[in-house]
Amino acid sequence: MKEQRSNFSGKMGFILAAAGSAVGLGNLWRFPYLAAQHGGGIFIFVYLILVVTFGFSMLIMELAIGRKTKQSSITAYTKLNKKFGFLGVLAAIVPIIILPYYCVIGGWVIKYMIVFMSGQGKAAAADTYFGAFTGGTIEPLVFFVVFLLATMAIVLGGVQKGVERVSKILMPVLLILTVGISVYVATIDGAWEGIKYYLWPDFSNFSMSTVCAAMGQLFFSMSIAMGIMVSYGSYVKDDIDLNGCVNHIEIFDTAVAFLSGFMIVPAVFVFQPDKLNTGGPGLMFATLPLVFEKMPFGQVIGAVFFVLVLLAALTSSISIMEAIVSMVMDKFKMKRWMAVVGVTAFSVVLGIPSAWGFGLWGDVKILGMDFLTFFDFVANSILMPIVALATCILVGWVLKTKTIEEEITKNGEKFARKGIFHVMIRYIAPVFLIMILVFYTLAQFGLVKY
Ligand code: PHE
């Protein structure tokens with residue numbers, strides 16, 4: 001008997017699950033810092049233009065590929081064109097690399113949430129705290145596994161009862177917390193100067209590398225080229241208006257990124273202005289605890305903040321695990337539970353180097369990078385742009401964009417940006433993707449600054 005493919009119950013479930021994937025650590029620890037560093041309002045403006053053109057086209061393309069083929073990425077590309085089987089394999093490697101180290105970081109988030117919730121947030125403000133924690137042996141490993149098991153528990157529930165149900169609860173909560181903290185931060189003395197710093201267009205900080213940084217950020221933020229959106233597309237029923245859904249997903253993702261800036265930039269501006277140039281883990285696990293230490297009610301805000309971060313990270317990690325699980329199920333015709341258990345076990349093993357890369361195995365460097373940074377670099381800066389580029393060539397030049405346009409409009413839906421989509425996928429996105437590939441690779445080795 002052929003098992004029926006899982007699907008999302010309807011539009012809302014799909015939008016929130018996809019938004020759950022898109023809204024992740026990138027929105028919280030990277031967007032605010034990039035915007036503040038790269039010209040404020042002008043960065044945000046460029047980012048917005050890219051969202052509705054580049055991001056839109058890439059996202060709808062992946063979703064449509066999934067829905068058209070009813071396959072996850074490992075088998076979807078071959079189904080579209082036999083010569084593109086290699087693309088399925090490349091696309092499969094991306095989430096397999098990302099899941100373990102993303103869960104290692106998820107583990108750090110759990111640790112900080114517990115620290116703040118138990119009223120010990122002030123300890124986390126010490127200079128050495130983060131290094132001592134990540135340099136440990138037991139804790140980083142335990143928290144990593146806990147986060148991975150939480151992800152596993154949700155994915156085990158399946159598409160509707162796991163991913164969709166959890167996203168429907170967590171995403172609205174996440175949005176409320178983000179708005180709540182932003183409003184609170186705006187009431188702090190001096191916050192308006194910080195808001196101005198975040199939003200004021202400063203052309204002197206604007207350059208070509210700003211545009212590259214914005215493109216790369218957008219690309220990551222929309223969970224493109226990770227196999228996720230192809231899988232999610234394959235779960236979308238045929239009568240759902242993909243175009244309309246993509247608009248909502250974009251708005252959700254961009255709104256949370258934009259709001260994160262209101263949470264983070266003014267707070268850092270007021271309490272830790274010398275740290276305005278940190279992003280990523282440094283911002284989240286070193287600068288923000290310092291900020292919370294000085295902020296009125298900072299310990300409470302800190303606890304709420306790390307709950308929010310955990311929700312964002314969890315809804316992203318379930319999407320990436322789901323992408324792998326759906327590939328294993330499609331390729332090996334395996335049952336869900338078997339695939340989930342297998343993927344989890346594999347991820348524990350693959351995550352260990354990242355978990356220990358700052359302590360026990362801290363001496364091992366690959367091209368000068370610790371394990372986590374190396375995995376992140378290979379997936380994000382190398383493989384993802386290549387996968388996306390090959391997808392553009394497949395859709396734009398081999399199949400022609402019409403195949404995808406037909407999938408999007410098959411029930412007579414409106415596709416207002418069809419022209420943009422066509423030009424983007426055939427001509428512009430490939431150039432952007434090559435720029436991302438080159439720029440981020442050079443940046444990793446310190447050859448360009450951004
Ligand atoms: N969009 C996600 C983010 O901003 C990217 C991501 C999704 C990363 C899923 C890992 C897993 O964090």
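**Notes on the ligand site and an aromatic pair**

1. A good place to start is A22: one of its backbone N or O atoms lies 2.8 Å from a nitrogen atom of the ligand, within the 3.5 Å limit for N or O pairs that defines a polar contact. L25 has a backbone N or O atom 3.1 Å from an oxygen atom of the ligand, and for F220 such a backbone atom lies 3.1 Å from a nitrogen atom of the ligand. The protein covers 100% of the 320 Å² of accessible area that the ligand has on its own (Shrake-Rupley method, 1.4 Å probe).

2. Please keep in mind that this is a predicted model, with local features needing pLDDT of at least 70 and side-chain atom pairs pLDDT 80 or more, while totals for chains, interfaces and linings use all residues. Residues are numbered from 1 along each chain, and side-chain values use heavy atoms, without hydrogens and water.

3. Around the ligand there are 16 residues, of which A22, L25, Y102, F220 and S221 come nearest (a residue is near if one of its heavy atoms lies within 4 Å). The shell divides into 8 nonpolar, 8 polar and no charged residues, with Tyr and Cys counted as nonpolar and Gly as polar.

4. Which helices each supply at least two residues of this shell? They are α1 (11–22), α2 (25–37), α5 (85–117), α10 (208–221) and α14 (298–332), helices being DSSP runs of H or I with at least four residues.

5. Away from the ligand, a word on rings. The count comes to 38 aromatic pairs (ring centres within 6.5 Å; stacked if the planes are under 30 degrees apart). F43 and Y47 form a stacked pair, 6.3 Å centre to centre with 20° between the planes. Both lie in helix α3 (residues 41–69), 4 residues apart, about one turn of the helix.

Methods
Polar contact = N/O pair within 3.5 Å; in protein donor to acceptor, adjacent residues only side chain to side chain. Phe/Tyr/Trp six-rings, centres within 6.5 Å; stacked < 30°, edge-to-face > 60°.
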